[in-house]
Amino acid sequence: MAASDPTILYVGEGENTLRGNVSEGFGMWRTDDGGRSWKQIGLKDTRHIARIIIHPKNPDIVWAAAIGHLFGPNEERGIFKTTDGGKNWKKVLFSDVNSGGIDLVMEPGNPAVLYASTYTIRRTPYSLESGGAGSALWKSTDGGDTWKKMNNKKGFPGKTLLGNISIAVAPSNPERVYSLVESEKGGLLKSDDAGETWTNVSVDPNIRQRAWYFNRIFVDPKNADIVYALNVNFYKSIDAGKTFKEVSSLHGDHHDLWIDPEDGNRMILADDGGAAVSFDGGSNWSTLNNQPTAQFYRVSTDNYTPYRILGAQQDNSTVRIMSRSEGSEINQSNWSSTAGFESGYVVADPQNPDIVYGGNYSGYLSRYDHKTGENRAISVWPDNPLGGGVDLIKYRFQWNFPIFFSPNNPKKLYAAANVLFASENEGATWTALSGDLTTNDKSKQKSSGGPITQDNTGVEVYCTIFTAGESPLEENLLWTGSDDGLINVSRNGGSSWENVTPAQAGKGMMWNCVESDPFKKGTAYFVGTKYKTDDFTPYIFKTEDYGKSWVKITNGIPAKHFARCLRADKKRPGLLYSGTEYGMYISYDYGANWKPFQLNLPMVPITDLTIKDNDLVVATQGRAFWVMDDLSMVQAAGSNYTQKNIFVLPLREAVRIGGSQNLNVKNAGINPPNGIVVNYYLKNVSDSGLTEISVLDKNKKLIRKYSTKAPATGPIGKIETASGINRFVWDMNYPPAENIEGQILWNRVGTLKASPGKYYIKINHEKKDSAEVEVMVKANPNYKVTQQDYEQQSEFLLTVREKFNEIQKAIKNIREVRTQINDFVARQGKDSIGEIKTMSDSINKRMTKIEEALYQTKAKSGQDVLNYPIRLNDKIAGLYGYAASGNYAPTKQVKEVYNELSRQADVELDKLKTIFTVDLSRFNQLIREKQLKVIGVKPE
C-alpha cells in the first residue's frame with residue numbers, strides 16, 4: 001500500500017514459500033481505487049514476487065523482488081524498478097538465470113538506500129536445492145539504480161556457500177542492519193555500520209531450520225535491540241539477537257510479519273493458519289477462524305445423510321465437515337478433524353461413515369473411529385523413513401499417496417506406493433497387487449535438499465504411484481498413473497499389468513488424477529502435469545479401449561492453465577468437469593472442447609473434485625471447499641428447452657431434514673436450499689402476467705399455493721418470476737398456523753414438515769401454459785421410522801393444528817363481533833339504548849367468558865403465563881410440540897390428552913356457535929325493529 005496514497009496498492013502474484021505444491025503467478029497488478037478495480041502491469045514471467053516496496057512520497061516509484069521460475073532457469077528475475085506506476089519496468093539487479101530476488105527492504109524514510117538478497121533455489125519432481133553461486137546480499141545507495149554485492153564485507157560468511165538470506169533495517173537506527181543467512185557458517189548477523197562489518201550474534205537452530213521455507217527477520221520500529229524471527233515458532237529477542245524466546249501464537253509455521261511503524265505492539269502475523277492481529281506485542285491475537293484459507297490436497301465424501309466432505313489441509317488438521325447443517329449455516333460445530341494428517345487422502349468406510357482412513361507423509365495411514373475416538377495406525381509398511389533419502393526405503397510412498405475404496409466391493413481398501421496394495425480387513429493385513437509400476441529410476445531416488453541443508457519430508461519421494469482407481473463398471477479393472485510418467489492397467493484385479501502410457505505424453509508426466517467413465521466400459525481419463533519441470537501445459541488424455549489408444553483433450557483450456565483433476569458427470573454422458581491451476585472448466589462432448597466454468601468460484605488452484613448426490617464438490621489450494629448444489633441445471637444445458645413456453649428442469653429427490661438457508665452468513669458455509677428445489681423456464685413473462693404454483697399431496701390435494709399476485713404475507717405465498725430460468729423452493733412445510741398479532745402464548749404451533757412420499761408441483765403461467773411434475777421426499781435414513789409412522793404423525797399434527805386454528809379463528813371472530821357490537825351501541829341515542837344495551841352486554845359477557853376459556857386474556861407480557869394459567873389454545877399448541885418432537889407415531893397418551901382438550905374446546909366453540917347463530921340473530925332482529933319504529937314502519 002502506498003504510504004502517500006492508501007487508495008493505490010500493488011500486488012505481486014505467486015507464493016514466496018516455495019513448497020513442492022507451490023502456486024505460481026503472472027506478475028504485478030495495480031489498483032488506484034482501493035481495490036475496486038485492478039490492472040495487470042507486467043513482469044508476467046517472474047512467476048513469484050517475493051517483496052514489493054513503494055516510494056514513501058511517490059506511489060509511481062516501485063521496486064519488486066522477483067524469484068523467477070522455481071522449476072527452471074529464466075531471465076525475468078531479480079530486482080525490478082518502475083518510475084511510472086508499472087507502465088515500464090527496468091531490471092536493476094540480476095544475479096543469474098537460476099537465482100531470483102527473495103528479500104528487499106528500504107532504509108526507513110530514505111528511498112535512496114535499499115538492501116536486497118538474491119537466492120539460488122531449484123525444485124525438480126524429485127529434489128529441492130537451496131543455495132548456490134547466485135545467493136548474495138546487495139545494497140544500493142542510489143534508489144536501486146545500481147547495486148553493490150556485500151558478500152565480502154568483514155564478518156559476512158561470503159566465502160562459504162550461501163542459501164536464503166533475509167534482511168531487516170532498524171527504523172530507530174538505520175545503521176543497525178540484521179541479516180539471517182543460510183550457510184554452514186551463517187546465522188543471525190548484525191551490523192552497526194549499515195552493512196560494512198558484521199557480527200554473527202546467534203546460531204540458534206530454532207530460527208535457522210528449514211531456511212528455504214522460513215528465514216524471516218524483523219525489527220521493532222522504536223527499539224533496535226528488539227528483533228523478531230519467524231520459523232516453525234515465533235521468536236523474539238530483546239538483546240539484539242543474542243538470545244531468543246518463543247512468543248505465543250495461534251498456529252505454527254510463520255512466514256511474514258507486519259509491524260506498525262508508529263506502534264511496535266500493533267502487528268499482523270501470517271502463518272500456515274492464516275493471519276492474526278495483535279495490539280499488545282503478541283500477548284493476544286485475533287482469531288484465525290474467520291478466513292476460508294484451507295489448502296486441500298484431495299476431497300472425498302461419505303455416505304452419511306447429509307453427506308460429509310473430507311480432506312487434508314496443508315499444515316493443518318484433516319477435516320470432516322457437513323455438506324449442510326440443521327441450523328442456518330455450516331459452522332465450526334459441523335466439522336471435526338479426522339483420520340490422517342496434513343498431506344494425505346482421507347476416505348470414509350462406505351458402509352460405516354464413522355470409520356475414516358487417512359494418510360500422511362512417510363507412508364503413514366490411520367483408521368479413526370468417530371464413535372469411540374480410537375485411532376489405529378495401519379500403515380502398509382510402518383518403517384518411518386523421515387529425514388532419509390528415497391534410496392533408503394523399501395516402498396516409496398509419496399507425500400500425497402493414493403488411498404481409495406473399491407466402488408464394487410465396499411470392504412476393499414487400496415493404498416499405493418510404487419506398488420499397489422489392497423486390504424479387506426481394515427488394514428490388519430495388506431496384499432501387494434502389483435510389482436513396481438514406475439520407472440524405478442535410481443538416479444532420481446536420493447536424499448533431497450542441499451547443498452547446505454537436507455530436507456526429506458516425502459514431497460520429493462519419486463517414482464511412485466500418484467493416482468489410481470478401480471472402474472465402477474468392471475470390478476477387476478484397475479488403473480494406475482505414476483509421478484514419473486507411466487500409466488498401467490490391469491483387467492484381472494492386479495494379477496497382471498500392462499504399460500499403456502500414451503506416447504504423446506512424453507517423458508516425466510506426473511499423472512495426478514484418473515477417472516473411469518461411468519457409462520462406457522474401457523473408457524478412462526488421465527490428467528497429468530509437468531509443472532515441476534517448468535511446463536505449464538494442460539495435459540488430459542482419454543482412452544476408449546483400455547489404453548490401447550489415447551487422444552489429448554484440452555482444446556479450450558489456455559496454454560498455461562495446467563490441469564490437476566477431472567470428474568465425469570454421473571447422469572449425463574460426455575459431461576466432464578476439470579480443475580486447473582487457474583480455475584474450473586467444463587465440457588459437454590467428452591472433452592473435445594472446454595469452456596470456463598468459474599461463476600463465483602475464486603480464481604485459485606483446483607486440486608480435486610468429486611460428485612456426490614448430484615452436487616459438485618471442489619477442493620481448492622488456499623480457499624477451502626466449495627460446493628455447487630444440484631447439477632441438474634448444468635446437466636440440462638443444450639437440451640433445447642428454451643424453445644418451449646414453460647419447462648421444468650429435472651428435479652432431484654429432497655430429503656426430509658432440518659435446517660435453513662441464510663445467504664448472508666459470515667465466517668461460515670451457506671446451506672443449500674432446504675426442500676424441493678424446482679428450476680423452471682418461462683419463455684415470456686409480461687409485466688402483468690400471473691404465475692401460480694400449487695403444491696399437491698399424493699392424492700393431488702392442495703397443500704399450499706403460491707402466486708406472483710399474492711400479498712407479501714398471507715396464506716398464499718408470494719413468488720417472483722422473470723423470463724428465463726426461475727427457481728422455486730418448497731420448504732416441505734404446510735402453511736403456518738393461525739396467528740393473532742400481539743397474542744401472548746407460552747407454546748406455539750410449529751411448522752408441519754411433509755412426511756416422506758410422493759408430491760406434485762403444478763405451475764400455471766398466464767392461464768395458458770402449465771406443467772406438472774412429480775417429486776419424492778425421502779426419509780432421513782438416520783431415523784429408523786416406518787412410512788406408516790410418518791403418516792400417522794403427520795395426520796395427527798394436522799388434526800391438532802386444525803383444532804388450534806379453529807380456536808384462533810374463534811378468538812378473532814369474538815373480537816371482531818365485540819368491536820362491531822360496541823361500535824354500534826356507542827352510536828345509539830339515549831332513547832333507544834336500553835334494550836339494545838342489555839342484550840349487547842349479555843352477548844359480550846358470554847363471549848368474553850368463552851374467550852377467557854380459549855385464551856389467557858390476562859397475559860400482557862411473556863412471563864405473565866407463569867402467574868395466570870394458560871388456556872386451551874396454549875395447551876393444544878403445547879401438545880403439538882410434544883407430538884412433533886421427533887419422528888414417531890403419536891403416543892397413546894398424547895392422543896388421550898388431545899381428545900380431552902379437543903372436547904373442552906368443542907364445548908366452548910359450540911357455545912360460541914349458539915351465540916352467533918341464535919343470539920346475534922335476535923340482536924340483529926331487535927336492531928331492525930328499533931330502526932323501523934324510528935321511521936314509523938310497523939314490523940311484520
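Threonine 31 is buried in this predicted model. Its relative accessible area is 1%, so it falls below the 20% limit for a buried residue. The residue belongs to strand E2, which covers residues 28-31. Its side chain has a polar partner: one of its polar atoms lies 2.7 Å from the backbone oxygen of serine 37. Serine 37 also appears among the contacts of threonine 31 beyond four places in sequence. The others in that set are Thr7, Ile8, Leu9, Arg36 and Trp38.

**Aromatic pairs**

The count of aromatic pairs comes to 30. One of them joins tyrosine 228 and phenylalanine 234. Their planes meet at 15 degrees, which is under 30 degrees, so this pair is stacked. The ring centres are 5.6 Å apart. Tyrosine 228 is buried, because its relative accessible area is 1%. Phenylalanine 234 is buried too, with a relative accessibility of 0%.

Phenylalanine 526 and tryptophan 550 make an edge-to-face pair. Here the centres are 5.8 Å apart, and the planes stand at 80 degrees. This pair links distant parts of the chain, with the two positions 24 residues apart. Phenylalanine 526 sits in strand E41 (residues 524-530). Tryptophan 550 lies in the loop between strand E42 (535-543) and strand E43 (551-552). Both phenylalanine 526 and tryptophan 550 are buried.

**Rings and charges**

Which residues form one aromatic cluster with Trp381? They are Tyr395, Phe397, Phe401 and Phe421. Tryptophan 381 also has a charged neighbour, as the charged end of lysine 394 sits over its ring. A second lysine, lysine 700, has its charged end over the ring of tyrosine 760. The table gives the distances.

| Charged residue | Ring | Charged end to ring centre |
|---|---|---|
| Lysine 394 | Tryptophan 381 | 4.0 Å |
| Lysine 700 | Tyrosine 760 | 4.7 Å |

**An exposed loop position**

Is alanine 712 buried or exposed? Alanine 712 is exposed, because its relative accessible area of 75% is over the 50% limit. Its place is in the loop between strand E55 (702-707) and strand E56 (717-718). Glycine 68 is 644 residues from alanine 712 along the chain. The C-alpha atoms of these two residues are separated by 59 Å.

Technical notes. Residues are numbered from 1 along each chain as its sequence is written. This is a predicted model: local features need pLDDT of at least 70, side-chain atom pairs count only at pLDDT 80 or more; totals for chains, interfaces and linings use all residues. Side-chain values use heavy atoms; hydrogens and water are left out. Helices (H or I, at least four residues) and strands (E, at least two) are DSSP runs, numbered from the N terminus. Buried means under 20% relative accessible area, exposed over 50%, partly exposed in between (1.4 Å probe, protein chains only). A polar contact is a pair of N or O atoms within 3.5 Å; within protein, one must be able to donate a hydrogen and the other to accept it, and residues adjacent in sequence count only if both atoms are side-chain atoms. Contact means heavy atoms within 4.5 Å. Rings of Phe, Tyr and Trp (its six-membered ring) pair if their centres lie within 6.5 Å; planes under 30 degrees apart count as stacked, over 60 as edge-to-face and the rest as tilted. A charge sits over a ring if NZ of Lys or CZ of Arg is within 6 Å of the ring centre and within 35 degrees of the ring normal.
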